[in-house]
Amino acid sequence: MRPKDKNPLSFVRLNRQETRAFEFEGRVCNGSYTWKIENYRQRRQDAISGIATALHSPAFYTSLYGYKLCLRINLNGVDSGVGRYIALFVHMMQGDYDSILEWPFTGRITLAILDQSEGTEFRQHVSETLIAKPSLQAFQRPTAPRNYKGYGYVEFAPIEHIRDPQYIKNNTMLARIQIDH
């Protein structure tokens, strides 16, 4: 008899269950999603060396039947911020309910890199709020799985500031998005 972990069908079943779990988590986030970026130091080094200059979060929805989005982070910056600032953007994605949603997307979006200090009363998250601009391509109904154009900040947070231990804990950064629409 073959052990379960050697059975390729068990592996496929597990991957499908994990995918469903991620999809469910993204559906029930109610417009507030926290992205756990693990292995920060290696990912930052990959960004510096050009191996992977951008990371994309798992997809999430603004509500159970809402808009589908993801975050993009450039740990070594982009454009004028290369080597000096972390860049953070939001991208609209094709979702299951696009046909019943109002387009373009409108609303207020708050992006943050979370302070993971022990004392909650002293935390200082790096945070910026933007208002969706319906005239921009970034907020139009996606015609591809993920809109090529995102919207956010080229100079979101100074890299030197984010290196502080309160933002990178156990080699992990937490980025959050809050959507009000």
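Among contacts (heavy atoms within 4.5 Å) in the protein chain between residues at least 6 apart in sequence, 65% join residues at least 24 apart. The model is predicted: local features need pLDDT of at least 70, side-chain atom pairs count only at pLDDT 80 or more, and totals for chains, interfaces and linings use all residues. Residues are numbered from 1 along each chain as its sequence is written, and side-chain values use heavy atoms, with hydrogens and water left out.

**Exercise 1. Describe the protein chain as a whole: how many helices and strands are there, and what share of the residues is buried?**

Step 1. Count the elements. The protein chain has three helices and nine strands. Helices (H or I, at least four residues) and strands (E, at least two) are DSSP runs, numbered from the N terminus.

Step 2. Read their order. Along the sequence it is α-β-α-β-β-β-β-β-β-β-α-β.

Step 3. Take burial. The protein chain has 181 residues, and 39% of them count as buried. Buried means under 20% relative accessible area, exposed over 50%, partly exposed in between (1.4 Å probe, protein chains only).

Step 4. Take the surface. About 10700 Å² is exposed, and carbon and sulfur atoms supply 50% of it. Accessible areas come from the Shrake-Rupley method with a 1.4 Å probe; for residues, only the protein chains shown count as cover.

**Exercise 2. Find which residues of helix H2 are buried, and explain why they lie on the same side of H2.**

Step 1. List them. H2 spans residues 40-49, and Tyr40, Arg44, Asp46 and Ala47 are buried in it.

Step 2. Check the geometry. These residues cover an arc of only 160° around the axis, so they sit on the same side of H2. The arc is that of the directions from the helix axis to the C-beta atoms.

Step 3. Recall the helix repeat. An α-helix has 3.6 residues a turn, so residues three or four places apart point the same way.

Step 4. Name the cover. It includes strand E1 (32-37), E5, helix H3 (159-162) and strand E9 (173-180).

Step 5. Look past the end of the helix. Gly50, just after H2, takes a positive phi of about 85°.

**Exercise 3. Place Asn76: is this residue buried or exposed, and what does Asn76 touch?**

Step 1. Locate Asn76. The residue is in the loop between strand E4 (68-74) and strand E5 (85-93).

Step 2. Classify. The relative accessible area of Asn76 is 11%, so Asn76 is buried.

Step 3. List the neighbours. Leaving out residues up to four places away in sequence, Asn76 touches Arg44, Ala47, Ile48, Gly81, Val82, Gly83, Tyr85 and Ile159. Of these, Arg44 and Ala47 are among the buried residues of H2.

**Exercise 4. Work through salt bridges of the structure: how many are there, and where do the partners sit?**

Step 1. Count. The structure holds five salt bridges. A salt bridge is a side-chain nitrogen of Lys or Arg within 4 Å of a carboxyl oxygen of Asp or Glu.

Step 2. Take Lys36 and Glu38. Their side chains meet at 3.8 Å, N to O. Lys36 is exposed at 52%, and Glu38 is partly exposed at 44%.

Step 3. Take Arg84 and Glu155. Their closest N and O atoms are 3.7 Å apart. The pair links distant parts of the chain, 71 residues apart: Arg84 in the loop between E4 and E5, Glu155 in strand E8 (residues 151-158).

Step 4. Take Lys169 and Glu118. This salt bridge has an N to O distance of 2.3 Å. Lys169 is in the loop between H3 and E9, and Glu118 is in the loop between strand E6 (108-113) and strand E7 (126-131), 51 residues apart. Lys169 is partly exposed at 27%, whereas Glu118 is exposed at 65%.
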